[in-house]
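Me: Please take a close look at the charged side-chain pairs and the annotated sites around them. Keep it brisk, and give the cut-offs as you go.

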Amino acid sequence: MSLYGLVICGGESTRMGTDKSLLVYHQKPQYEHVGDLLAPLCERVILGCNAQQAQTFHTTYEKLTDLPAFAGAGPMTALLTAFATHPGNDFLVAGCDYPNLTTGELANFLHSVEKDSTAAAFYNAEGFYEPLLGWYSKSAGTVLKEGFKTGQRALQRFLQTENAGKYQPASAETMTSVDTPEAFRAAKRALDLHNDI
């Protein structure tokens, strides 16, 4: 059994108005940057994307197009596609929404995971999981697929039902999700200032 990294790229980005996976905070598009964050921790990194992204992404990472059988399930679509295409593996998942994410924080998260658990995820101060910053065991794939068949499409609900592990990072900024043009500009300014120090 291996740990694979899965970058979730296929969201609709309706509030941002442009594809969030193409935004640049760290000298390269987020899909590539997040892949680079996962690479030191995982045997293989996969970009979960829609058909249009698969045509336009320039990368050496494997591009995995959402399977039509799992369409309409939001981020769960990419995860179900990954489990179906690469069965028998655990997945470390990271979305493109988190510009402050680091490999170090992901490593700390992995060390916190109870190995006999089904899943674990970052956990915010409001009492909710961050499903796109998570670890999903191979057994989670089976549970998710069964849930999908009965109309359960929310990763948040899955994590709550499974009493998934909760990880609170050293800095809450790690979980800052950037979803609007204003938030993007603010995050970019903050990162540029930090890099200049």
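Reply: Lys 149 pairs with Glu 146 in a salt bridge, and their closest N and O atoms are 3.4 Å apart. The term salt bridge requires a side-chain nitrogen of Lys or Arg within 4 Å of a carboxyl oxygen of Asp or Glu. This is a predicted model, in which local features need pLDDT of at least 70, side-chain atom pairs count only at pLDDT 80 or more, and totals for chains, interfaces and linings use all residues. Numbering runs from 1 along each chain as its sequence is written, and side-chain values use heavy atoms, with hydrogens and water left out.

Both partners, Lys 149 and Glu 146, belong to helix α5 (residues 138–149), where they sit three residues apart, about one turn of the helix. Helices (H or I, at least four residues) and strands (E, at least two) are DSSP runs, numbered from the N terminus. Lys 149 has a relative accessible area of 56%, so it is exposed. Glu 146 is partly exposed, at 44%. The classes are buried under 20% relative accessible area, exposed over 50%, and partly exposed in between, with a 1.4 Å probe and protein chains only.

Elsewhere, Lys 20, Asp 97 and Asp 179 are joined into one network by salt bridges that share partners. The search of the whole structure finds seven salt bridges. One of them links the side chains of Lys 20 and Asp 179 at 2.8 Å, N to O. Lys 20 lies in the loop between β1 and α1, and Asp 179 in the loop between β7 (165–167) and α7 (181–196), so this pair ties together parts that are 159 residues apart in sequence. Lys 20 and Asp 179 are both buried. For Lys 20, the relative accessible area is 15%. The loop holding Lys 20 runs between β1 (3–8) and α1 (30–38).

Now Asp 97. This residue is in the loop between β4 (90–95) and α4 (103–112). Its relative accessible area is 11%, so Asp 97 is buried. Leaving aside residues up to four places away in sequence, Asp 97 touches Lys 20, Leu 132, Thr 176, Ser 177, Val 178 and Asp 179. Contact here means heavy atoms within 4.5 Å.

The annotation overlaps with this network. An unreviewed UniProt entry lists "binding site" at Ile 8, Cys 9, Gly 10, Lys 20, Asp 66 and Asp 97. UniProt positions follow the numbering used here, feature names are shortened, and annotations may be inferred rather than shown by experiment. Asp 66, also in that list, sits in the loop between β3 (62–65) and α3 (75–85). At 25% relative accessible area, Asp 66 is partly exposed. Beyond residues up to four places away in sequence, Asp 66 touches Cys 49, Asn 50, Thr 77, Ala 78 and Thr 81.

Another salt bridge joins Asp 36 and Lys 28 through their side chains, at 2.7 Å, N to O. Asp 36 is partly exposed, with 27% relative accessible area. Lys 28, at 30%, is partly exposed too.

Asp 36 has a further side-chain partner, Tyr 61, in a polar contact of 2.5 Å. A polar contact is a pair of N or O atoms within 3.5 Å; within protein, one must be able to donate a hydrogen and the other to accept it, and residues adjacent in sequence count only if both atoms are side-chain atoms. Tyr 61 lies in the loop between α2 (51–56) and β3. Its relative accessibility is 15%, so Tyr 61 counts as buried. Contacts of Tyr 61, not counting residues up to four places away in sequence, are Glu 32, Gly 35, Asp 36, Ala 39, Val 45 and Leu 47. Tyr 31 is 30 residues from Tyr 61 along the chain, with 9.6 Å between their C-alpha atoms.

One more acidic residue is Glu 130, in strand β6 (residues 129–136). Glu 130 is buried, at 13% relative accessible area. Its side chain makes a polar contact of 3.2 Å with the side chain of Asn 124. With residues up to four places away in sequence left out, Glu 130 touches Tyr 98, Ala 121, Phe 122, Asn 124 and Met 175.
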